[in-house]
Amino acid sequence: MEDQKYYLKHNVQIDPLFNNWYAYPQLISPATAAMHIANSHLKIMNSYVMSPDVHAAAVRNPAMRGGPFIDYQGKRVDEIKELMLKTQSKQAHMVELAEAIKSLNDLLVTEAKGYSIEALYPKVPKALRGYVELVYDLNHNPSFRLIEALLYKSEYYDPSSQSVILSLVESDDRPFAYSTPRLEEEGRLQLNIAFSHPGIDELFKMREVPQTFGYIKEALGLENGQEAIFAKFLTEATPPKTPKYQGDSVRIRYFGHACVLIETKDVSVLTDPVISYYYANDDENRYTYADLPENIDYVVITHSHADHLMFESLLQLRHKIKNIVVPRNGGGSLEDPSLKLVLQNTGFKNVIEVDELDSIAVEGGSIDAVPFLGEHADLNIRTKTAYLVRLGGKQALFMADSNNLEFMVYDHIHRLYGDVDVLFIGMECDGAPLTWIYGSLFSRPIDRKMDRSRRLSGSDFESALDIVNRLNCKKAYVYAMGQEPWLCYLTSIKYTNESRPIVESDKLVEACKQQGTFCERLYGSKEIAV
Ligand SMILES: [Fe+2]
Ligand SMILES: [Fe+2]
């Protein structure tokens, strides 16, 4: 029995958590995490404890989908209260940090009037002393730069706030992830380990390479009471092996949303990994973890939104990722945390930061970082890039949620790189308002009209067609629409034929057809000939 080797079942799900809330990049970076604890998590839990029925009614209302409401049907109030009290006490220093950020903003508004800022250093709130530089821009607007790397080396980055839940999933049907903290459920195993724990890699290697129970028990540090439930995640059945791609040309496979695998026989590149689990008796058209190669040479991340940098998929792939490429941040503003630090502090090795027009040489071609405009509510966020993957003499451009706010940019891109063979463009043109992702970071309330005018919108029909034509694209694919059923728990998107992203992308497909450019809106999975 002890020598028996087991594989990990293909439908073992991992939920990465921070204080029991589903984790995304802003919950890793210390300053943004503090703002989310103080301005979102604690407020939502308090609201649930005060009025659980209001939350239950809101969750049932489709118009409120994705809103800040806890989905426990008005029940389990005592457990939410317990989590709230535990968070208040364990994260008291984070709440203090959030208050310090607010106080520092107030200080700068009232006292920094364009004259020397040096005298304000002693007035910086205690929690932030030594972690900020005070600055003006060229219009004498004061602000501060966070010394983010130092914050990661302080009490404000505490990996013991991270944990993971392992469970078996039988379908895509999962509740919306972001507004309900996880409580104990039968059949789920919560492990109080940080995302960087090497046992996570050992676990997911077992999808392909079997190990003994004793080996993985030790690697994950399982306790005796956890063995019985953990055993249910293992199987003796040998999984089918994915053959390595050996073709002479480039092969492109769409895995859903913004996730695309580009391969030659020498190199593999995976964009924005969000991978579906495998279910037996499933008739949905999908690729899963089992369809990925043994090693992924380059994972490339376009931006920090949670449907593009998704820990749930990345943790399962970490052991097979040789390099992970991220856009460089602007250097210290609260709204633009470093993705390099996020990934390095969660156990990823070989993180490569790129700036606009940087080029990474790969065997048989290159990966080039190309400007990504818009989709961030007009905030000065630099952690966003499109990628031009040049392999086998072909050029495939992955633009994620880029919005064509300035057509001249695409003329410049065309002048530098020439015609694009295959374009991938997102068209979520009805983006969420500013506060949906960034609301917790503001120190003052935001005018409702302002909030609605500044959205996270991708390209509409006119923007997208203009890009297709300025880059002289031979083929165009609409992707990153958040439609795949295995993503609804993250995107909460349920389009109808009348939804504007569908109407606008239908118009693009039709207009391209009229002018003789191949165009298709992707859904599910697809192998694309180049
Ligand atoms: Fe986005
Ligand atoms: Fe997106």
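Two strands count as paired if DSSP finds at least two bridges between them. With that definition in place, good morning, and let us turn to the sheet. The structure before you is a predicted model.

Seven strands form an open sheet, and their order is β15-β14-β13-β12-β11-β10-β23. The pairing within this sheet is mixed. At its edges stand β15, residues 351–354, and β23, residues 526–529, each of which pairs on one side only. From one strand to the next, the twist averages 20 degrees.

Allow me to pause at one pair of neighbours. Strand β14 covers residues 321–327, and β13 pairs with β14 in the parallel sense over four bridges. Which residue of β14 is the bridge partner of I296? The partner is I321.

I now move to the metal ions, beginning with ligand 1, an iron ion. The protein donors of this ion are H303 through NE2, H305 through ND1, E375 through OE, listed twice, and D401 through OD. These donors lie 2.2 to 2.6 Å from the iron ion. Along the chain, they follow the spacing H-x1-H-x69-E-x25-D. Two of the residues, H305 and D401, link distant parts of the chain, being 96 residues apart. H305 sits in the loop between β13 (296–300) and α9 (311–317), while D401 sits in the loop between β19 (394–398) and α11 (407–417). H305 is buried, with a relative accessible area of 4%, and D401 is buried as well, at 5%.

The second iron ion is ligand 2. Its protein donors are D307 through OD, H308 through NE2 and D401 through OD, at 2.2 to 2.4 Å. In sequence, the spacing of these donor residues is D-H-x92-D. Which residue bridges the iron ion (ligand 2) and the iron ion (ligand 1)? That residue is D401, and the two ions lie 3.5 Å apart. Because D307 lies in the loop between β13 and α9, and D401 in the loop between β19 and α11, the pair ties together parts that are 94 residues apart in sequence. Both D307 and D401 are buried.

Finally, I would draw your attention to helix α6, residues 198–205. This helix is mostly covered, with six of its eight residues buried. Those buried residues are G199, I200, D201, E202, L203 and F204. What covers them includes the strands β1 (5–8), β2 (12–18) and β6 (162–168), together with the helices α7 (213–220), α8 (227–231) and α9. Helix α9 has already appeared in this talk, at one end of the loop that holds H305.

Thank you for your attention.

Technical notes
Residues are numbered from 1 along each chain as its sequence is written. Chains are lettered from A and ligands numbered from 1 in the order in which they are written. This is a predicted model: local features need pLDDT of at least 70, side-chain atom pairs count only at pLDDT 80 or more; totals for chains, interfaces and linings use all residues. Side-chain values use heavy atoms; hydrogens and water are left out. Donors are N, O and S atoms within 2.8 Å of the metal (3.2 Å for Na, K and Ca); water is not among the atoms, so sites may look incomplete. Buried means under 20% relative accessible area, exposed over 50%, partly exposed in between (1.4 Å probe, protein chains only). Contact means heavy atoms within 4.5 Å. Axes are lines fitted to C-alpha atoms, for helices over the stretch in contact, and angles run from 0 to 180 degrees between N-to-C directions.
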